[in-house]
Amino acid sequence: MSAGRAGPLDFLEERLEDLRRRSLVREIRPMESAPGPHAVLGGRDVILLSSNNYLDLANDPRVRGSAARAAERFGSGTGGSRLTTGALDLHDALEADLARFKGTEAALLFGTGHMANVGLITALCGRGDVIFSDALNHASIIDGCRQSRADVEIYAHNDAADLRRRILARRERGGRMRGLVVTDSVFSMDGDIADVPALAREAHAAGLALVVDEAHATGVIGRRGHGVEEHFGLEGADASLRPDVVVGTLSKALGSMGGFVCGGRTLIEWLRSASRAFIFSTSLPAPCLAAARTALEILEAEPARVERLRGNVALLCRLLQEGGVAAETPTAILPVIVGGSERALDAARRMLASGCLAGAIRYPTVPENAARLRITLCGGHTEDDVAVAASALISALERTARAPSG
Ligand SMILES: *Cc1c(COP(=O)(O)O)cnc(C)c1O
């Protein structure tokens, strides 16, 4: 560290400089409040337009009350993995709740949604297997695919016909056809919905399992917020049209923290004994478990929350369209693409000046020329909030478009 001596990590300064030049350095902005329709940032109240706390459950008094009581009773951490000393009845109870909620035989909890994807995919696939993965899948799916060492075939975004062509091409080359098709059900940066019945048909015709990641679907799509199967009306449908495995997170609409996999009994039993992200990591602590159970109960009892969220998104899209901004989404995620990274940062700065916090999403999360504001709403935003957000967006986009591009 002393001045003048070259250190072995000095190359990082050059790399950072490169990121700075390209407006790609990431910054952390600590919030001074719970996430909600509004939040406090730098001492100032802002309308929060980028949170995944879609149903306002992270700060619901019943949810945080459950977390607090669980902390009083069981402590803040478990001190062990599920397979050693870190198991509580609460883990089993939440897994039963999740399996019921997703309509599967069983479920398994992981530390995060990211770990659930990595832990699932690496436990199912290895060398010589094949994974067909959507071009816009979440980074945690990509990490799972890479770590599995299976052959990975990226198919065109949400394109079942391209998936079929790639399956046929692999069959012609004589490649092994054991493995998976994996897709986000709601794409995290674009907000569109995967054509799950079509993907299931292709996957199952080839003897492949279909895995869907419901991180942004749970609590958001389907009449009661149950996710993609409810959205397409597949609950009672033939198994050939349904996913075999559902991955999810407790940390978005459910307002807690943790990840899960829902599927058949055999799958879950295998993961307990073979998934490294499950085995070699401390189990979720009681406050997260209790919060998630209460959040699920509220979601089941109050489906109107999902309606309110949908109403807010529809209102925002209508106001933006009236202001000349193309805006349409079937979910709670509205991508507003502005172009380069500097433009996205500029638009986000202008939004903040109007009292709205919207995340600028840049490369490598999205392609370099498709940087965007990723707007999300929650059910608790008022019509006024939505109107303020719409006019802030319209004027930020007009000014950003006029500013010289950097
Ligand atoms: C957020 C997200 C994850 C990761 O979930 P965490 O619980 O935040 O680790 C996985 N998949 C998708 C599609 C996501 O958006």
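This section describes the ligand site, an enclosed strand and a nonpolar surface patch in a predicted model.

The ligand is surrounded by 15 residues, and the closest of these are Asp 213, His 216, Thr 249, Ser 251 and Lys 252. Helix α4, which spans residues 113-124, contributes 3 residues, the largest share of the shell around the ligand. Polar contacts to ligand oxygen atoms involve both backbone and side-chain atoms. A backbone N or O atom of His 114 lies 2.9 Å from an oxygen atom of the ligand. In the side chain of His 216, an N or O atom is 2.7 Å from a ligand oxygen, and for the side chain of Ser 251 the corresponding distance is 2.8 Å. Of the 380 Å² of accessible area that the ligand has on its own, 86% is covered by the protein.

Strand β3 (residues 106-110) is largely enclosed by the rest of the structure, because 5 of its 5 residues are buried. In a regular strand, side chains alternate between the two faces of the sheet. Both faces of β3 are covered, with Ala 106, Leu 108 and Phe 110 buried on one side and Ala 107 and Leu 109 buried on the other. Strand β3 is joined by 5 bridges to strand β9 (residues 259-263), and the two run antiparallel. Within this pairing, Ala 106 stands opposite Gly 263 of β9.

At the surface, Leu 9, Phe 11 and Leu 12 make a nonpolar patch of about 280 Å². Leu 12 belongs to helix α1, which covers residues 11-21. Leu 12 counts as partly exposed because its relative accessibility is 37%, a value between the limits of 20% for buried and 50% for exposed residues.

Key:
Residues numbered from 1 in each chain as written. Predicted model: local features only at pLDDT ≥ 70, side-chain atom pairs only at ≥ 80, totals over all residues. Heavy atoms only, no water. Patch = residues over 30% accessible without salt bridge, like charges linked within 9 Å, V, L, I, M, F, W, Y side chains within 5 Å. Areas by Shrake-Rupley, 256 points an atom, 1.4 Å probe, with all protein chains shown as cover. Salt bridge = Lys/Arg side-chain N within 4 Å of Asp/Glu carboxyl O. Helix = DSSP H or I, 4+ residues; strand = E, 2+ residues; numbered from the N terminus. Buried < 20%, exposed > 50% of the residue type's maximum accessible area, 1.4 Å probe, protein only. Pairing = 2+ DSSP bridges. Near = heavy atom within 4 Å. Polar contact = N/O pair within 3.5 Å; in protein donor to acceptor, adjacent residues only side chain to side chain.
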